[in-house]
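Colleague: I would like a close look at one part of this model, with its surroundings worked through afterwards. Please keep to what can be checked on the screen.

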4 protein chains.
Amino acid sequence: MSDSALPLVISAPEPRTLDLIFTPEALARFRARYRIVETSPEGVAALTHDVLAEARYIVGQPPIAPETLERMTALRCVFNVESNLINNMPYETLFSRGIHVVTTGMVFAEPVAELGLAMALNLARDIVDADLAFRQGKELWGGEGNRAARLLSGADVGIIGFGDLGRALNRLLSGFRTRTKVFDPWLPPSILIENGVEPASLDTVLSSSDFVFVVASVTSENQGFLGTKAFARMRKGAAFILLSRAGVVDFPALMDAVRSGHIVAASDVFPQEPLAQDHPVRTLPGFLRSAHRAGALDIAFKRMGDMVLEDMDLIDRGLPPMRSKRAERETVSRMRSKPVDKN
Amino acid sequence: MSDSALPLVISAPEPRTLDLIFTPEALARFRARYRIVETSPEGVAALTHDVLAEARYIVGQPPIAPETLERMTALRCVFNVESNLINNMPYETLFSRGIHVVTTGMVFAEPVAELGLAMALNLARDIVDADLAFRQGKELWGGEGNRAARLLSGADVGIIGFGDLGRALNRLLSGFRTRTKVFDPWLPPSILIENGVEPASLDTVLSSSDFVFVVASVTSENQGFLGTKAFARMRKGAAFILLSRAGVVDFPALMDAVRSGHIVAASDVFPQEPLAQDHPVRTLPGFLRSAHRAGALDIAFKRMGDMVLEDMDLIDRGLPPMRSKRAERETVSRMRSKPVDKN
Amino acid sequence: MSDSALPLVISAPEPRTLDLIFTPEALARFRARYRIVETSPEGVAALTHDVLAEARYIVGQPPIAPETLERMTALRCVFNVESNLINNMPYETLFSRGIHVVTTGMVFAEPVAELGLAMALNLARDIVDADLAFRQGKELWGGEGNRAARLLSGADVGIIGFGDLGRALNRLLSGFRTRTKVFDPWLPPSILIENGVEPASLDTVLSSSDFVFVVASVTSENQGFLGTKAFARMRKGAAFILLSRAGVVDFPALMDAVRSGHIVAASDVFPQEPLAQDHPVRTLPGFLRSAHRAGALDIAFKRMGDMVLEDMDLIDRGLPPMRSKRAERETVSRMRSKPVDKN
Amino acid sequence: MSDSALPLVISAPEPRTLDLIFTPEALARFRARYRIVETSPEGVAALTHDVLAEARYIVGQPPIAPETLERMTALRCVFNVESNLINNMPYETLFSRGIHVVTTGMVFAEPVAELGLAMALNLARDIVDADLAFRQGKELWGGEGNRAARLLSGADVGIIGFGDLGRALNRLLSGFRTRTKVFDPWLPPSILIENGVEPASLDTVLSSSDFVFVVASVTSENQGFLGTKAFARMRKGAAFILLSRAGVVDFPALMDAVRSGHIVAASDVFPQEPLAQDHPVRTLPGFLRSAHRAGALDIAFKRMGDMVLEDMDLIDRGLPPMRSKRAERETVSRMRSKPVDKN
C-alpha cells in the first residue's frame, strides 16, 4: 500500500506526547498503519484543506472551530487522550454527524484502585506512623501496636461513584469478602447488583461503612457535595479515601473531621496542586497524603496507545469503537474537571 | 443438666487469657456448656485425680508429664491456643491414644495476609516516604513522583509456603490477576494447581517474581534457607515481603540485598524482638518495618474462642475436630518456632 | 402532579404485550409515572399531532415514516422490546437527532446460556439416551455406560461471538476451570482478555476446542459461515452447540458432520421454525434438539419491563440510558435476523 | 539404586486394577519407584514374612488380620482405592500405630457434580422430554414449550452434605449467583460460611430451596432419613437431585412425591443396582434416571493413581499424606456404604 493510501491521523496529544502514550512497538505500528500529521493543538486550524478533508482521526483534544470541523468531512473519531472533556469543540455537531469522541482515562482505573486499596490498608493498620516509630526506636510490638488496627476483610465498604474506577476497586476487593454498598445516581440499580454490590443512598453509604472510597467525577452539580454534614454521618473511626477530584469535597470540613478524631482519611487530590507549603493538611495526624500520584504510572499511559490502536482498527473496519469510553451527549456538558497540566 | 454433668475442661491458656480469646458472649456460652477448671500451666500436674480423670479437653499448652497423661483417661483434645508446638507433652502417646492436639493459629492468616498485601503495595508505590516528603513540603507531583512505581495487578508473584497464610494471601490476590507461583515442598503439586497457583521450585519462585512473599514456618530444616544466593537470584527491583518467622532468613544478607539496591523489602518479624535500638535495619532505606504487628489483632484472638467452641461441639457429638488445625505425628517434632511471650 | 404533566409514552410493543414484559407491580409503576398511549404498530402514524409532539418514548418497534418522526420533537428513546432491528424507521435521522434506539434482548442471555451449558453437559454425558434406555430396561450401569463420557471441567472451550450471551455463558463456566478461546471480530482483543478468555481466530477456536458454542448474531456478512470446512476442522468427537441463529450455519453440512460421527451437536434454532415434520434432524442420532425454547422464559420477558423503567428513569433525569443496549449507527444496517413472530 | 532398595508396596486393588487407576505413564513411574508385590485381597495373609515386614504401603482394601498387621512393622499407609471403608482390618490398631488409611474417592466429586448440575438444568428445562417430543414431531416452540421452565441462576439452592462432592458442586454453581444453604452436621458452621454458603437446618434446606442436591454419605445414623415428611416440606415444583447413595432416601416415598406432582426428581443411585426390569421408577414421569454413571469416568479413575503417587512421595519424605482423604477414628465405624462390585 502506498503511503498516501493510508488513513490520515491528526496528532495533537498535548499535554501528552506520542512517546508517552505509545510503547516503541505500538508507535511503530501506529506509524506503519497511518499517515500521521503532527501538530500542536493550536495548529489544527491552520492545517491545509487537504489534510483536514482527509483526516479520519484526531488524537488529542485541540480546539476545533465549527468551520474547521465542517472541512473535516472524513472525520470518524476524536481520541481525547487527556481524558477531561474541555468545551473547545462543537460536540453537538460531532454527535449529530456520528463522529465519536472517546476518552482513554480508564487506563488510570487500575493504578488508582491499587493506591486506594493501599491507602485503606494503611489507615487500617497505621503503617506509615508505625514505620516512622520503628525508625526512631519507639515502635510498639505485637498487640500493643495494634490498638486501633482493624481488618478490611469482612468490613462494610462504601463506594461513591461506580465508573471504571469504582469497578476496578470493586474487583480488587473481591478477595476481601466485604459487604459493599455503592451510591451512583448515574447508574440503574440492577447494574450495581449485577456487579455484586448493593445500591444505596449517599446517606446510607456514609453512615454504614467502615471504609468510604470516593471515586466520583466532579460535575456541574456535585461540587463540594461532601461536607461537614456528610462527615458527621460517618461511623466513628471510619476511613475516608478520596481518589477522584478534590472538587467533590469541602476540604476544610474533611480536615476538621479528621482533626477532631471522628474519622481518618487519605487523599490523592488536593484543592490546589501543587499545594501551598504551609497548608495544614501537610502535618495533620490521621491523614495520609499522596501528591496526585495514583494514576500517573508509565504503564497506564502506555495503555492509552494500545486502546487507540484497537479502536482505530475497529473503526477502520466499519465498526464502532469498543475499547475507549465514548463521550455522551447528555453528560459531556456536565463534566467540570480541570484539565491536567502535567502528566 | 446439673453442673456436674457438664464435660470438664482444664483451662491454662497462658500467655493468652480466656478474656483475650473469647468474646463476652462466647465466654458465657463456654462457661454454660462446660465445667471449667482454671489453672496455670504449671498447675496442671497438681490437679486432683478426679479432675484429671474427668477432663475431656485442655485449653492451652501446659507441660504434661507421661504419668499425668496416664491419669487423664477421658481426654479427647488439647486446644493449643498459643499455636507453636512446644515439646512439653508426650505427643506420641497422645496420637496413639487418639487424643487430638489442635492449634488455632490460622486465625492470624487473614490479618497477616492483609498486612502483607499492604506492604507489597507500599513497596510498589513508596507510600511511606511519599507521605513523609509531603509532610516536609518536598513531595513530587504526578508522574514525577512515580519513577519507580509499578502495579501489583498482572505482576509475577511468588509465595514461599502455602499453609493457611499462603492461602489467605492468595485469596486476597484474587482480584489482581497475578501470575502466582508457589514453592511448598510439604504439599503435592495438584493441591497447588487446584488453588489456582503454579507449583514451582524455590529457585523459580525467587528468580521469576516481582513480589516474593515468605509465609513458611521455620522448621528444623529450613532455618536461614533464604540467604545471599537466594536474594541474588531475585529480579532487580523486586520486592521481598517476610511475614512468617525471621528464622527462615539470613537477615544480614537480606539487609545487604536491600542496601545494595538490588531489591526492596518489608518485614514483620526480626531476629530479636524487641530489636536493639541501634539495629541498622531501623534506618535502612528501601526497607519497610512492622513490629510483629501483622497478626495480633483483637479480632483474630477472639476467633480462637469461636474455633474452640465449634470443635468442642463436634467432639462432644463423637465427631473429629474440623475447625482447628491438627498437629501431625510426622511434623510436630520438626516445628521449631520460638513460643510467643507476648500476645 | 396532574396526569397531563406526566411524560408521554407511545406503546406499541407487538408481538410482545405490556402484560408479557411487565410484572403487575412494574406495570403499575409504569402507568403511574407516564401517560401511556397504546396503539398497534401501524397505528402510530395515525396518532394526533399532539400525541406525536409530546411523546418522549416509544415502546415497541413500529414503522416510523420520516414525516412522522419529524413531528415527534420531544422523542428521546425508542425501546425496541422485540430486539431484532428491522429497517422500518429512519435510523440515521434518529441517531443524528440524538434519539436513542435501544434493545432489550440481553434479558435472554442468561436463560440461553443456561440451556447452552445444559446441552453441553448432555452431550458430554449422553443424558437423554441414557434415560431413554433406562425407561426401556436397557441401561448400562456405571463405567459401562460411560464409554464416551467426558468432563466439561478443565476442557478446551470455544465461543464464537462474545456479546451478552457469550459473556453470560462465560460466567456460567467460571466454576469449570475451562481454557476458553473466543472468536469475535467486533471486539478488541484486550476486552476478551479482561474477561478472562483468550482471543483466537475462528480456525483456532474450531480446531482446538472440545466444546464449541455458537452465540454470534447473523449479520449481512456471516450467513452460513460455519459449513463443511468448519466442521471438518473440529476435533473428533467434539460438541457443537448452536444457540443464536440458524442462519450462521450451513445446516445440512452440520447434519452431515454429526451423521458421520465426526462431532456431536445440539441446537436451539433451525432453518425453518416450526420445522417440517419429516426433517431428518428430528431423528438424527448424536443431535440434541430444542425448539427455540432457550430464551423464551417468562422471567426473561418480565426483565424487559424492568430495563425499560430503569432507563426511562435515567433519561427523565437527563442521563443516557445504561441498562438496555443501544443500536449503533455502524452496525444497525448489518443486523439481518428475522423478526420473531411468536414470543 | 538397586531394585531391592526401593520401598515395597503390596498391591491388591480389587475391584479396581492398576491399569484402571494409573495412566500408562503414571504406572511406569509407580513401577520405577517401588517394588510392587501384586496379589489378590485374600492373598495378603499368605505373603512371606519378609514381604510383610518390608511393606511400606498397601494399595487396596484387603482383609488384614491383627496378626498379619503385627508383622507389617514398616507399614505407613493403606491406600484404599475402592473408597468405601469396609470393616475388614483393625482400624484402631492402624490409627494407634500412626498408619494412615486413606481413600481416593474424591476423584469422583467433579464428575458427579457435573452430572448433578446437568440433572438440575434438565429438570428446570425439561430437556429429555422436549427432545423426545421433537423426535416425534410434537415439540412446542418458544414460550409455549416453556410453561414450567425456570432458571437455576439466582435460585434458592439446598445442598445436603458438604464433603468433597458438595464442595465440587458449590464450585460449579459459582457462576450462577445462587443463594445456597447447606445442611451438614459434621461440619462447623464457620467452614460453610467460609465457602460462601449459608449453614442451615435440614428443614430449612428442604423447605426453602428450588433445587435440593443430596450428596451426603450413608452412615449408621442417616439411613432413609429423607422420607415422606421431608418431601412434603419441599416447595411445590422444586427439584430433588440424588447423587450420593440411595440408602439415605426412602425411595418409595420419593417416587410418591414425584408421582403426585409435588416435586420433580433425578437420581443416579437406586435401591438395587441393577434395578428390576419392572421397577416403576423406570417410567415415572417427572423423574430423570441415570444408572450409577455419575462418577465412573475413566478420567476419574486415572486420577486415583496420581493421588496415590503424590501421597507416597510425601510419606517417603517423612511427611503426612495431603492429597487423599484420611479415614478418621471417630467416623470410620459409622460409614455404611455397600462396597462397589463394579467400576
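Which residue, with a positive phi, follows helix 12 of chain D?

Modeller: The residue is D:Gly261, and its phi is near 85 degrees. This is a predicted model, in which local features need pLDDT of at least 70 and side-chain atom pairs count only at pLDDT 80 or more, while totals for chains, interfaces and linings use all residues. Residues are numbered from 1 along each chain as its sequence is written, chains are lettered from A and ligands numbered from 1 in the order in which they are written, and side-chain values use heavy atoms, without hydrogens or water.

Helix 12 of chain D spans residues 251-259; helices here are DSSP runs of H or I with at least four residues, strands are runs of E with at least two, and both are numbered from the N terminus. Its buried residues are D:Phe251, D:Ala253, D:Leu254, D:Met255, D:Ala257 and D:Val258, where buried means under 20% relative accessible area, exposed over 50%, and partly exposed in between (1.4 Å probe, protein chains only). An α-helix has 3.6 residues a turn, so residues three or four places apart point the same way. In chain D, the buried residues of helix 12 pack against helix 11 (228-233) and against strand 10 (239-242), strand 11 (264-267) and strand 12 (287-289); contact means heavy atoms within 4.5 Å.

Elsewhere in chain D, salt bridges join other elements. A salt bridge is a side-chain nitrogen of Lys or Arg within 4 Å of a carboxyl oxygen of Asp or Glu. D:Arg171 makes one with D:Glu110, with the closest N and O atoms 3.1 Å apart. D:Arg171 sits in helix 8 (residues 164-172) and D:Glu110 in helix 6 (residues 109-125), so this pair links distant parts of the chain, 61 residues apart. D:Glu110 counts as buried because its relative accessibility is 13%, whereas D:Arg171, at 22%, counts as partly exposed.

Helix 8 of chain D also holds D:Asp164, and D:Lys325 lies in strand 13 (residues 325-326), so their pairing ties together parts 161 residues apart in sequence. Their salt bridge has an N to O distance of 3.6 Å. D:Lys325 is partly exposed, with a relative accessible area of 40%, and D:Asp164 is also partly exposed, at 29%.

Next comes the partner of chain D. The contact takes 62 residues from chain C and 62 residues from chain D. The two chains bury about 5,400 Å² between them, and carbon and sulfur atoms give 55% of that; buried area is the accessible area (1.4 Å probe) that two parts lose on being put together, summed over both. C:Phe134, C:Trp141 and C:Arg293 are the residues of chain C that lose the most area to chain D, together 15% of what that side buries.

Six salt bridges are counted between chain C and chain D. One of them joins D:Arg135 to C:Asp129, at 3.2 Å from N to O. There are also 33 residue pairs in polar contact, both residues at pLDDT 80 or more. A polar contact is a pair of N or O atoms within 3.5 Å; within protein, one must be able to donate a hydrogen and the other to accept it, and residues adjacent in sequence count only if both atoms are side-chain atoms.

On the side of chain C that touches chain D, at least two residues each come from helix 6 (109-125), helix 7 (127-135), helix 8 (164-172), strand 12 (287-289) and helix 13 (298-316) of chain C. Helix 6 of chain C gives the largest share, nine residues. By class, this side has 27 nonpolar, 17 polar and 18 charged residues; Ala, Val, Leu, Ile, Met, Phe, Trp, Tyr, Cys and Pro count as nonpolar, Asp, Glu, Lys and Arg as charged, and the others, Gly among them, as polar.

Chain A and chain B also meet. Their contact takes 62 residues from chain B and 62 residues from chain A, and about 5,400 Å² is buried between them, 55% of it on carbon and sulfur atoms. Six salt bridges are found across this interface. A:Asp131 and B:Arg289 form a salt bridge in which the closest N and O atoms are 2.7 Å apart. A network of salt bridges links A:Asp129, A:Arg289, B:Asp131 and B:Arg135. Over all chains, the whole structure has 80 salt bridges.
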